[in-house]
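Here are my notes on the structure, set out as numbered points. They take up the ligand site, then the salt bridges, then the aromatic rings.

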Amino acid sequence: MLSCHQVSARYNGTPVLDTVDIEVDPGEWVAVIGPNGAGKTTMLRVVSGALTFSGEVTIGGSSIAALPPRDLAGLVAVVPQAPVIPAGITVFDYVLLGRTPHIGYWSMEGRSDLREVGAVLERLELSHLADRPMDRVSGGERQRAVLGRALAQDAGLLLLDEPTSALDLGHQQQVLELVDSLRRDRGHAVLSAVHDLTLAAQFADRLVLLADGKVRATGTAEEVLKPDILARYYGADVTVVVDADGNQVVAPRRRNPVG
Ligand code: ADP
């Protein structure tokens with residue numbers, strides 16, 4: 001679904017991504033991990049068409065460099081870290097914006113669009129807030145609505161930039177499980193930047209570790225989440241244990257334990 005080949009990008013001449021290769025198959029979830037400033041958000045911005053780059057990025061076989069923005073929006077749904085939210089817009093109308101690529105140039109939204117938005121709000125437990133302006137909901141509710149907008153778009157590739165950073169534990173699980181069921185039911189591909197390595201291990205099929213704009217490790221959680229790798233690229237002292245379900249759990253170790 002997504003193929004990034006030898007992608008490099010710069011901000012004002014400073015290199016930020018250096019010959020990055022990432023592949024995501026339909027129905028697959030790939031998590032981009034790495035320390036702050038590694039280039040995770042930049043990589044997602046490149047794939048969403050928001051940043052110029054060298055190398056090649058194709059989605060569903062089409063090179064994004066050649067795609068008009070509207071066609072790209074039909075292929076990729078983005079959940080950015082800091083979305084632009086129109087002033088005064090309600091939760092319902094904000095999620096409805098996700099349907100834009102499905103609505104003809106001169107048309108209004110149809111009944112199926114309204115139904116889809118209603119279903120997304122229900123799945124995200126936001127129905128009771130449908131008429132509330134976005135600037136009058138909590139941070140977690142806003143983050144779920146932003147995800148809802150991307151889900152309503154129903155694109156083959158979902159890009160998530162730290163989708164659960166403002167959510168409590170229960171809502172983190174709810175949102176990630178929802179994304180997981182969508183990619184299983186609809187075969188959507190998911191590329192996400194994830195801070196929490198334990199959650200990345202639980203939900204992603206593969207991890208790509210970026211540091212200083214380069215891919216430093218790639219593979220399953222078992223292959224990538226190793227204490228020596230995490231020490232090298234995060235400067236972190238961690239223990240990695242395997243829980244009863246066989247998932248890697250990354251726990252920080254205190255460097256100066258008491259007693
Ligand atoms: P991550 O998401 O892994 O934390 P980013 O992709 O946000 O990393 O940033 C990668 C590097 O690019 C960092 O050094 C950051 O300071 C720099 N950077 C990010 N956005 C900009 C920008 N708009 N202009 C200039 N430099 C930027």
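1. A residue is taken as near the ligand if one of its heavy atoms lies within 4 Å of it. On that basis the residues around the ligand are Tyr11, Val16, Pro35, Asn36, Gly37, Ala38, Gly39, Lys40, Thr41 and Thr42. The model is a predicted one, and the points below should be read with that in mind.

2. What is the make-up of the shell around the ligand, in nonpolar, polar and charged residues? It divides into 4 nonpolar, 5 polar and 1 charged. Helix α1 (residues 40-47) supplies the largest share of this shell, with 3 residues.

3. Polar contacts to oxygen atoms of the ligand come from backbone and side chain. Glycine 39 contributes a polar backbone atom, 2.9 Å from a ligand oxygen. From lysine 40 a polar side-chain atom lies 2.8 Å from an oxygen atom of the ligand, and for threonine 42 the corresponding side-chain distance is 2.5 Å. The ligand taken alone exposes 560 Å², of which the protein buries 56%.

4. How many salt bridges does the model contain? The count comes to 9 salt bridges. Three of them are taken up in the next points, as examples.

5. Arginine 183 and aspartate 205 form a salt bridge through their side chains, at 2.7 Å from N to O. Arginine 183 belongs to helix α6 (residues 169-186), while aspartate 205 sits in the loop between α7 and β9 (206-211), so the bridge ties together parts that are 22 residues apart in sequence. The cut-off for a buried residue is a relative accessible area under 20%. Arginine 183 is at 4% and is therefore buried, whereas aspartate 205, at 34%, counts as partly exposed.

6. Aspartate 228 and arginine 232 form another salt bridge, with the closest N and O atoms 3.9 Å apart. Both residues lie in helix α9 (residues 227-234), 4 residues apart, which is about one turn of the helix. Arginine 232 is exposed, with a relative accessible area of 53%; aspartate 228 is at 46% and counts as partly exposed.

7. A further salt bridge joins the side chains of aspartate 237 and arginine 253, with an N to O distance of 3.8 Å. Aspartate 237 is in the loop between α9 and β11 (238-242) and arginine 253 in the segment after β12 (248-252), so this pair ties together parts that are 16 residues apart in sequence. Aspartate 237 is partly exposed at 28% relative accessible area, and arginine 253 is partly exposed at 48%.

8. Which residues are joined into one network by salt bridges that share partners? They are Asp180, Arg183, Arg184 and Asp205. Two members of this network, Arg183 and Asp205, are the partners described in point 5.

9. The count of aromatic pairs comes to 1. The ring centres of tryptophan 29 and phenylalanine 203 are 5.8 Å apart and the ring planes are at 40 degrees, so the pair is tilted. Planes under 30 degrees apart would count as stacked, and over 60 as edge-to-face. Tryptophan 29 is in strand β3 (residues 29-33) and phenylalanine 203 in helix α7 (residues 197-203); the pair links distant parts of the chain, 174 residues apart. Are these two residues buried or exposed? Both tryptophan 29 and phenylalanine 203 are buried.

How values were computed. Residues numbered from 1 in each chain as written. Predicted model: local features only at pLDDT ≥ 70, side-chain atom pairs only at ≥ 80, totals over all residues. Heavy atoms only, no water. Phe/Tyr/Trp six-rings, centres within 6.5 Å; stacked < 30°, edge-to-face > 60°. Helix = DSSP H or I, 4+ residues; strand = E, 2+ residues; numbered from the N terminus. Buried < 20%, exposed > 50% of the residue type's maximum accessible area, 1.4 Å probe, protein only. Polar contact = N/O pair within 3.5 Å; in protein donor to acceptor, adjacent residues only side chain to side chain. Areas by Shrake-Rupley, 256 points an atom, 1.4 Å probe, with all protein chains shown as cover. Nonpolar A, V, L, I, M, F, W, Y, C, P; charged D, E, K, R; others polar. Salt bridge = Lys/Arg side-chain N within 4 Å of Asp/Glu carboxyl O.
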